[in-house]
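Below is a colleague's note on a two-chain model, set out as numbered points. Please read it with the sequence and the coordinates open beside you.

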2 protein chains.
Amino acid sequence: MHISELTTPAVVVDEPALERNLATMCDAHPGAALRPHVKAHKTSELARRQAARGHRGFTAATVRECVGMAEAGLGEDLLLANEVLDMTRLGAIIEAGARVTVAVDSEAVAQAAVAGGVREVLIDVNVGLPRCGCAPTDAGALAELCRSLELEVRGVMGYEGHLMLVADPADRARQTEECMALLLAAHADVGGDIVSGGGTGTWTTNTWVSELQAGSYALMDTAYAAIPDVPFEQSLTVLATVISVNPGGWAVVDAGLKAFGMDHGNPSIPGADVWFCSDEHTVYSMQDGAPLPAVGERVRMVPAHIDPTCALHERMHLVDADGTVLETWPVDLRGW
Amino acid sequence: MHISELTTPAVVVDEPALERNLATMCDAHPGAALRPHVKAHKTSELARRQAARGHRGFTAATVRECVGMAEAGLGEDLLLANEVLDMTRLGAIIEAGARVTVAVDSEAVAQAAVAGGVREVLIDVNVGLPRCGCAPTDAGALAELCRSLELEVRGVMGYEGHLMLVADPADRARQTEECMALLLAAHADVGGDIVSGGGTGTWTTNTWVSELQAGSYALMDTAYAAIPDVPFEQSLTVLATVISVNPGGWAVVDAGLKAFGMDHGNPSIPGADVWFCSDEHTVYSMQDGAPLPAVGERVRMVPAHIDPTCALHERMHLVDADGTVLETWPVDLRGW
């Protein structure tokens with residue numbers, strides 16, 4: 001099948017660009033030094049490509065992502081890097097042979113892990129992003145509590161998410177160092193082999209973690225593309241069809257705000273100014289006096305934020321440079 | 001099952017509030033005077049409640065919505081109020097007995113209707129929102145062209161979407177009148193029985209259409225709730241669980257930007273200030289010195305925009321006033 005035959009809107013992944021992104025990250029963080037975050041793509045077949053490059057442990061944000069990865073045979077070493085209270089489904093996949101480690105930042109979550117049948121945890125440490133994580137100075141006591149509940153404590157995690165989009169590399173590096181000093185101090189109190197953290201935005205600046213939790217690097221978006229020292233290519237686009245062209249100077253495509261994560265703003269169209277998105281439309285005009293497209297033309301749009309964009313689509317199509325559809329992957333880790 | 005047993009995040013619909021909303025709209029626009037828009041809820045079981053009140057025709061924004069409605073036995077009179085080029089799936093459901101009318105604003109779309117096996121159209125007229133629709137003065141010629149292609153022209157549609165959230169009722173009414181004057185002039189040139197348009201925001205101000213295309217009124221959101229003369233109740237909330245509480249003064253729930261349409265901003269939590277949403281988290285503090293919740297407490301969150309919120313969830317749970325789950329409906333019209 002050729003890309004021109006796809007029903008639109010459709011998520012299209014350029015395979016050569018995807019593979020270059022995977023290779024670039026793998027060179028910098030080989031094997032266990034990278035624990036790819038599946039929340040970014042929610043697609044076990046894409047995770048299989050990451051595993052083929054030697055990254056056998058994965059990061060997840062939801063129970064559903066862990067269950068789906070285990071079902072896909074990729075449950076060798078899953079980290080649920082999030083607090084969860086209902087872990088029954090995790091206990092079931094652990095019974096069936098998956099390895100799942102969960103983040104814990106309170107006694108309530110530790111107790112929920114025990115009740116759900118989870119055996120291994122990381123202490124989640126707040127390193128500056130006001131979200132989950134215990135205070136660094138409380139990490140040792142929480143680890144002790146977990147061990148008293150017969151949970152294996154594998155180490156610590158701390159996510160400097162508030163730094164991912166800091167534009168200036170030097171400023172980002174300085175702030176990352178401050179955050180990681182907190183995490184390493186907590187690690188000294190907690191013990192264990194793992195210091196987990198970081199992301200696509202700090203892929204070179206965070207040199208303190210034992211494993212990087214990056215996810216967006218594989219597919220990319222306009223938010224990360226704006227960071228000067230993030231070299232990954234835009235491999236995912238949303239294919240749309242021009243359905244209306246107005247002599248007033250605008251065109252309309254059939255991919256709107258239900259086809260894009262909108263939390264970081266509108267998607268982009270190369271060479272065009274996006275006016276606005278409705279549920280099933282994006283309206284735009286052309287830059288530099290370029291002519292408007294004709295009804296029926298196809299347009300490739302670039303999401304502002306990759307993670308929620310993937311979560312809106314049932315499938316993604318892997319294409320080669322000439323537009324041949326090589327594989328179609330279900331976005332099978334969606335939902336909760 | 002009780003609401004407290006649901007896996008979170010979960011979409012919960014208060015049945016008494018839903019039924020009051022349906023009744024209020026039905027009183028104002030009985031029977032064929034309302035053509036409920038299914039894009040707002042994407043749920044055929046909810047459409048069945050609307051049909052039970054006498055609204056037998058429905059509006060849709062995608063081919064998938066039309067196909068799903070036909071599969072659910074609700075295909076008596078479907079209007080695809082959008083331009084589409086690939087209508088093969090519509091032709092198939094028409095062959096099988098559904099009635100589908102499509103919007104046409106160009107010769108290309110009219111030709112696509114013929115090629116796809118669609119037999120009935122409305123002329124889509126631009127009444128001021130810069131999106132689809134032909135110029136009002138071109139509507140008559142386009143209708144003539146459609147008839148020359150042996151398409152039945154049932155009338156006109158024109159959506160004053162740019163006026164839905166105009167806060168001042170008098171200003172909204174004045175602008176609606178101007179838009180509808182354009183549509184009625186086009187209708188005079190086109191003919192047919194149908195003048196379709198309007199929405200929840202102009203449910204009382206648009207007195208010119210023969211059928212109102214409102215959808216959001218059933219479930220509502222904070223954007224529409226801000227309009228003074230829109231009396232519909234918030235019947236849909238997203239149920240979330242508190243997973244982390246920080247002595248620094250914030251709490252974190254397990255419903256984030258992947259659980260909400262974010263194009264109109266963050267969701268709301270009654271009595272709280274929402275700080276930000278991450279993929280699977282919302283961080284908030286309490287207003288007026290109220291105490292933070294405990295880990296494990298449940299919170300009902302209100303989306304800023306209902307349509308894309310529904311599109312993110314696999315199911316919605318209908319609950320009564322005491323929290324008993326009465327029915328669970330698949331959000332079966334999602335995707336494309």
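The points that follow take up the basis of the note, the interface between the chains, their symmetry and a sheet in chain A.

1. The model is predicted, so that local features need pLDDT of at least 70 and side-chain atom pairs count only at pLDDT 80 or more, whereas totals for chains, interfaces and linings use all residues. Residues are numbered from 1 along each chain as its sequence is written, chains are lettered from A and ligands numbered from 1 in the order in which they are written, and side-chain values use heavy atoms, with hydrogens and water left out.

2. The contact (heavy atoms within 4.5 Å) draws 54 residues from chain B and 53 residues from chain A. Between them the two chains bury about 4,000 Å², with 62% of it on carbon and sulfur atoms; buried area is the accessible area, taken with a 1.4 Å probe, that two parts lose on being put together, summed over both. Of the area that chain B buries against chain A, 20% is supplied by B:Arg131, B:Lys258 and B:Trp336, more than by any other three residues.

3. Four salt bridges (a side-chain nitrogen of Lys or Arg within 4 Å of a carboxyl oxygen of Asp or Glu) are found across the interface of chain B and chain A. B:Lys39 forms a salt bridge with A:Asp279, and their closest N and O atoms are 3.0 Å apart.

4. Which element gives the most to the side of chain B that touches chain A? That element is S9(B), with five residues, where strands are DSSP runs (E, at least two residues) numbered from the N terminus. By class, this side of chain B has 23 nonpolar, 16 polar and 15 charged residues, with Ala, Val, Leu, Ile, Met, Phe, Trp, Tyr, Cys and Pro counted as nonpolar, Asp, Glu, Lys and Arg as charged, and the others, Gly among them, as polar.

5. A rotation of 180° with 0.0 Å of shift along its axis superposes chain B on chain A with an RMSD of 0.0 Å, the fit being by least squares on the C-alpha atoms of residues with pLDDT of at least 70 in both copies. The two copies are thus related as by a two-fold rotation axis. In chain B, the C-alpha nearest the axis belongs to B:Met262, 2.8 Å from it.

6. In chain A, seven strands form an open sheet with parallel pairing, in the order S2-S3-S4-S5-S6-S7-S8; two strands pair if DSSP finds at least two bridges between them. Strand S2 (57–60) and strand S8 (211–212) of chain A stand at the edges, each with a single partner strand, so one side of each is left without a neighbour in the sheet.

Conventions. Helices (H or I, at least four residues) and strands (E, at least two) are DSSP runs, numbered from the N terminus.
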